[in-house]
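Trainee: I would like to go through the terms used for a structure and ask what each one rests on.
Mentor: Go ahead; we will set each value against its cut-off.

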Amino acid sequence: MSISVIFLRPFARFLVPFTLHRKSRNLYSTILQRNMSSKIPSLSYSTKESTSPPEQLELDGWKTTMKSSVQEDVSTVSSNKDEDPLAATRELIEMWRLLGREVPEHITEDELKTIMECASKSSKKKYLKYLYIKEKMKKARQIKKEAKAAAREEFIKSKLLETTEEDKQQNFLFLRLWDRNMDIAMGWKGAQAMQFGQPLVFDMAYEDYMNRKELQNTISQLLESEGWNRRNVDPFHIYFCNLKTDGAYHRELIKRYGEKWDKLLLTATEKSHVDLFPKDSIIYLTADSPNVMTTFKHDKIYVVGSFVDKHMQPGTSLAKAKRLKLATECLPLDKYLQWDIGSKNLTLDQMIRLLLCLKNTGSWEDALKFVPRRKHTGYLEVSQYSQEFIDRMKKAKTFNSLSKGSLHGTQKRWLK
Amino acid sequence: MTFYLSGIGSFPKLWKSNQVWQGPGHSYLCLFLTDFCGIRNQQRWFSLKAMSPQNTKATDLLIAKARYLKKDDSSNKQVSSDSSHFFLAGAAKKRSQMNPQSKDHALPPVKNTIELPTKPLNSKEWDKLKEDFKGKVNFESWISSQMAHCHSSVDVAKSLLAWVAAKNNGIVGYDLLVKYLHLSVFHKQTSEVIDVYEIMKARYKNLEPGAYTLLIRGLIHSDRWREALLLLEDIKKVMTPSRKNYNDCIQGALLHQDVNIAWNLYQELLAHDLIPMLETLKAFFDFGKDIKEDDYSNKLLDILLYLRNNHLYPGESFAHSIKTWFESGQCSACGKNIESINLSPEEYDFLKGKIMRDVIDGGDQYKKTTPWELKRFKNFVKSCPPFDIVIDGLNVAKMFPKARESQVLLQLVSQLAKQNLRLLVLGRKHMLKKSPRWRKDEMEMVREQASCFFADNISEDDPFLLYATLHSGNHCKFVTKDLMRDHKACLSDAKTQHLFFKWQQGHQLAIKNKFPGSGITFQHILSYDTVVQTTGDSWHIPYDEDLVERYSYEVPTKWLCLHRKT
């Protein structure tokens, strides 16, 4: 079909343009009416004659049904049509869902508002995808839960049948109170650690460097770290330093721990670690440090920054340590592991498990098993490492004497 | 009818010359539009005579004339092998091709379980096809996306929809409709687009941007193009329309001769902080051929200024359009001199402040250095008279992996010192420690011939380099091969980044030797600024060639030069 180009003057929209088919002409006028006064529901649809254009193979039949089958639907929709942007966004999400995009099925008012506040299209899409995945996981969990409940019921039924057959007495030494006993025992150990344990500091001074999501991830990791510490044979005495009361960290921690927060066996303080401990015994752990940690020292206070950095702000924690003139160290990941992908920053729970393991055994090979397996291809022979290190030294631009010093140290250590 | 471009002035000391285009001996790229209404043979206008500046004789001349370059036998070879300047379009591509490690990642072919039908099928055939299909996903949506991807004919898609509708009480899902719409837009089937438009209007109150975009694109060619504008309004309710949407609407308006709407849409587009597609701008120029109004011409000149201010470069066909428009007699302005790469004093001070604040300080002085080191550095710079050249010691020394670091550094320093230039070598403290790579005696000789500043081992040295160069003044250059992209990224806004890039092009000396030994030679410095520019009655417009890939830190090499007939 050839497209006819027509010169339209500004007032031309009110004219019915010349078209070839009577059908589309009719339609056009109705659409124009609809557009100019959107409040009026279109009534002219029913009067439309259904003469379809000449067709081969019955190709266009569906169009008429598509158009005619939903007239009522349209009129009801357009009658309560409101110009609320929230509603429009909701509609948009619904259309995206029809298109098979990754958007949630149900959405709350708050979430809608968050979407409206997103600055860019891509951030909107990202947030919607996040909601979509969340919804999907929730559904999957629900289904699993139901399946489990059904299985349990089945099990109890069959058990009932069995117990009716044999109801013999059994002798037990203990009542089944494992969980509570465990909790109490861990509490005792925790109290002991509060008195005599080695301090481990989580530096909470990174509130301003993180967005909401990163902060939530940090809190999750802190929770998990605390859990791992509690279960250990010889826990650390954990300090949350620089924790501002009613700051974002504090609020989030209270939200997650609930009533338990005040009963936690750790020290949460607004003070900085430099106020609590002598400066020369503090070692700030950061992946950017030029100094490599060789051994775990039991008389030092290790500081870990509670900071999830998804925005690539390298050197933030190193800058903090520099400012306070603290010693810094990084884990000897390259020395023991054949690093493959991923950043050298580990999560907080990985850090604490690693440190706990080091504290108890002193073996790097054992401790480094907490480094995610996907990040490295295997353990290195140390001789191989030193060769590689020398090679790298030759190439690297920022080779400095500090790392060189540590190299000599390690060689000696491993040669003896 | 000549269109030639020779160029870059030949001056004895490359960086000492501030008046780039004033010399009488300079002929530069000129396209004299002697026959204004003459033959419009575009092919000829844009024939291969457009030369890129770096591989003309001028370059050879430059290299020969630059005094500090040691002449050696290999200089000719160097030129030919190094015809790609650091900052010129296509250079990065060439560099990567020289690198044998680069592999092309060929995507595995899409797994195709069934052949796409080439002609409309009836429902039985569709049923059979569905049975043959083995896959987890929904057959209808899979086949329709495959058809959309392979641009099947509209009739095939229509038969699919007819089959789906027959199975489903005459209802076709939204996603199938959108894919059908995509096909009919792609094949420019306007009647089909309008039909789908009616259906969508009837069935759904609001659509989503994907469908709106397709509808707009389809409708602008029809006589119902004004409804595309209504659709644009609908998009605006939920999000900012994309620049493609605006492009389509503007094209539609221009196609139907409604200039006012087109300009209004263009203003709206700019107001949303969107960068218009070059197609949009090209459309204005193409349309301008037939319009003889001062107002319109001024607006087109505004577009050229927009290109200038945002450092955008037209593509080859857009350059054609610009040229054609100028030829059509609408051009009211034209001039003479190409702008120098040097920044104006205000720009220079602004950039200096920004570098200090954003790159070195960056909100936390401890990140890249320490306050006491910064102080030491500032005092040091203040105590010295302005330098002529600032050298990134580590970058230079690491250039040849096989040579000893300190030796390479010494070679460069003594070569430059012979020309009585005041040098500053920046490095890190570990360079002073005795090691096989850094010999004490050689470092001592470096310190004799140049001022040196050694930063802490964990500090960054590049910000110091930038500051020392900027502090010394406009004549000062710096030597490094680093492209400084990370530092450019630290700058807060695009405008400052452009300034930085301009300054970098004019002040960075990149070493181009591949082997040590013979004298070290530098890449010539671009003495002109590659940007759309006018000087009264002439326009100079750099443009991208279609077949050359340009990276963000490169500038085009081809120019369109337009002079007003006098």
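What follows is a dialogue on a predicted model.

Trainee: What makes Arg217(B) and Asp248(B) a salt bridge?
Mentor: Their closest N and O atoms are 3.0 Å apart. The cut-off is 4 Å between a side-chain nitrogen of Lys or Arg and a carboxyl oxygen of Asp or Glu, so the pair qualifies. In general, side chains of opposite charge can pair when their charged atoms come close.

Trainee: Which parts of chain B does that pair tie together?
Mentor: Arg217(B) is in helix 10 (residues 209-219) and Asp248(B) in helix 12 (residues 243-255), so the salt bridge links parts 31 residues apart in sequence.

Trainee: Why is Asp248(B) called buried?
Mentor: Its relative accessible area is 5%. Buried means under 20%, so Asp248(B) falls in that class.

Trainee: And why is Arg217(B) called partly exposed?
Mentor: Arg217(B) has 31% relative accessibility. Partly exposed lies between the limits of 20% and 50%, and therefore the term applies to Arg217(B).

Trainee: How do you know that Glu442(B) and Arg404(B) form a salt bridge?
Mentor: The N to O distance between their side chains is 2.7 Å. With the limit at 4 Å, the pair therefore counts. Glu442(B) sits in helix 22 (residues 440-449), while Arg404(B) is in the loop between helix 20 (393-397) and helix 21 (405-417), so parts 38 residues apart in sequence are tied together.

Trainee: Are Glu442(B) and Arg404(B) buried or partly exposed?
Mentor: Glu442(B), at 8% relative accessibility, is buried. Arg404(B), at 22%, is partly exposed, because the buried class ends at 20%.

Trainee: What is the N to O distance in the salt bridge of Glu227(B) and Arg224(B)?
Mentor: Their side chains meet at 3.0 Å. Both Glu227(B) and Arg224(B) are buried.

Trainee: How many salt bridges does the structure hold?
Mentor: There are 33 over all chains.

Trainee: Where are the two domains of chain B?
Mentor: The domain assignment places domain 1 at 277-339 + 528-565 and domain 2 at 345-522. Their C-alpha centres lie 37 Å apart.

Trainee: How do you know that domain 1 and domain 2 of chain B are in contact?
Mentor: Six residues of domain 1 touch six residues of domain 2, and a contact requires heavy atoms within 4.5 Å. The two domains bury about 650 Å² between them, with 61% of this area on carbon and sulfur atoms. His311(B), Asp529(B) and Tyr553(B) supply 69% of what domain 1 buries there, more than any other three residues.

Trainee: What makes Lys502(B) and Asp529(B) a salt bridge?
Mentor: Their side chains meet at 3.5 Å, N to O. That is within 4 Å, so the rule is met. The rule finds one salt bridge across the interface of these domains. On the side of domain 1 that touches domain 2, the residues divide into two nonpolar, two polar and two charged.

Trainee: Why is Thr370(B) called buried, and what does this residue touch?
Mentor: Thr370(B) has 5% relative accessibility, under the 20% limit, so the residue counts as buried. Thr370(B) lies in the loop between helix 18 (365-368) and helix 19 (371-383) of chain B. Leaving aside residues up to four places away in sequence, Thr370(B) touches Lys322(A), Gln365(B) and Asp456(B).

Definitions and conventions. Residues numbered from 1 in each chain as written. Chains lettered and ligands numbered in written order. Predicted model: local features only at pLDDT ≥ 70, side-chain atom pairs only at ≥ 80, totals over all residues. Heavy atoms only, no water. Domains from an automatic or database assignment. Buried area = accessible area lost by both parts, 1.4 Å probe. Nonpolar A, V, L, I, M, F, W, Y, C, P; charged D, E, K, R; others polar. Helix = DSSP H or I, 4+ residues; strand = E, 2+ residues; numbered from the N terminus. Buried < 20%, exposed > 50% of the residue type's maximum accessible area, 1.4 Å probe, protein only.
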